[in-house]
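Got the viewer open? Let's walk through this one together, starting with the big picture and then zooming in on a pair of helices.

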Amino acid sequence: LATLSSGEVIPANPALKKNLKRLKRRQRNLSRKMKGSRRRAKAKLRVARLHQRIRNQRQAVLHELSDQLTRTYQVITLEDLNVTGMTKNRRLARAVSDAGFG
């Protein structure tokens with residue numbers, strides 16, 4: 001997620017990866033349900049809840065990191081990155097989006 005000038009490396013959220021895998025499975029399950037059925041509605045609700053959970057996880061990790069950094073250091077400098085270009089690379093896109101560089 002981040003590397004500090006002291007050499008400390010802050011890893012990305014491992015629980016997020018597990019939930020993304022779960023999301024993939026639930027979306028596949030949803031797509032197999034018959035449109036208009038009650039089971040599809042239930043599956044759609046499960047997918048929506050998981051989307052919200054993933055969103056909250058991403059926000060929590062970024063908030064905790066920013067809080068820790070602002071409490072620890074007096075001066076914080078950021079590297080200027082080409083985030084738009086990085087998100088166009090299909091191998092980097094998810095990792096960059098998860099980190100919230102934008």
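Here's a quick tour, from overall make-up to helix packing to confidence.

Keep in mind that you're looking at a predicted model. Over residues 1–90 the chain is 66% helix and just 4% strand.

**The whole stretch**
- UniProt, in an unreviewed entry, labels residues 1–90 as "domain: Probable transposase IS891/IS1136/IS1341".
- The C-alpha atoms at the two ends of that stretch sit 18 Å apart.

**How the two helices meet**
- Helix 1 covers residues 14–31 and helix 2 covers residues 38–72; their axes come within 10 Å and cross at roughly 160 degrees.
- Angles over 145 degrees count as roughly antiparallel, so helix 1 is roughly antiparallel to helix 2.
- The crossing of helix 1 and helix 2 is left-handed.
- On the helix 1 side, the contact includes Leu16, Leu20, Leu23 and Leu30, while helix 2 brings in residues including Val47, Leu50 and Ile54.
- Sort the residues of this contact by type and you get nine nonpolar, seven charged and four polar.

**How confident is the prediction?**
- The chain's mean pLDDT is 92, with 99% of its residues at 70 or more.
- Among the chain's elements, helix 2 has the highest mean pLDDT (95), and strand 1 (residues 2–3) has the lowest (85).

Methods
Residues numbered from 1 in each chain as written. Predicted model: local features only at pLDDT ≥ 70, side-chain atom pairs only at ≥ 80, totals over all residues. Heavy atoms only, no water. UniProt positions renumbered as here; feature names shortened; annotations may be inferred. Axes fitted to C-alpha atoms, helices over the stretch in contact; angles between N-to-C directions. Parallel < 35°, antiparallel > 145°, perpendicular 65-115°, else oblique. Left-handed = near helix turned anticlockwise from the far one by under 90°. Contact = heavy atoms within 4.5 Å. Nonpolar A, V, L, I, M, F, W, Y, C, P; charged D, E, K, R; others polar. pLDDT = per-residue confidence, 0-100.
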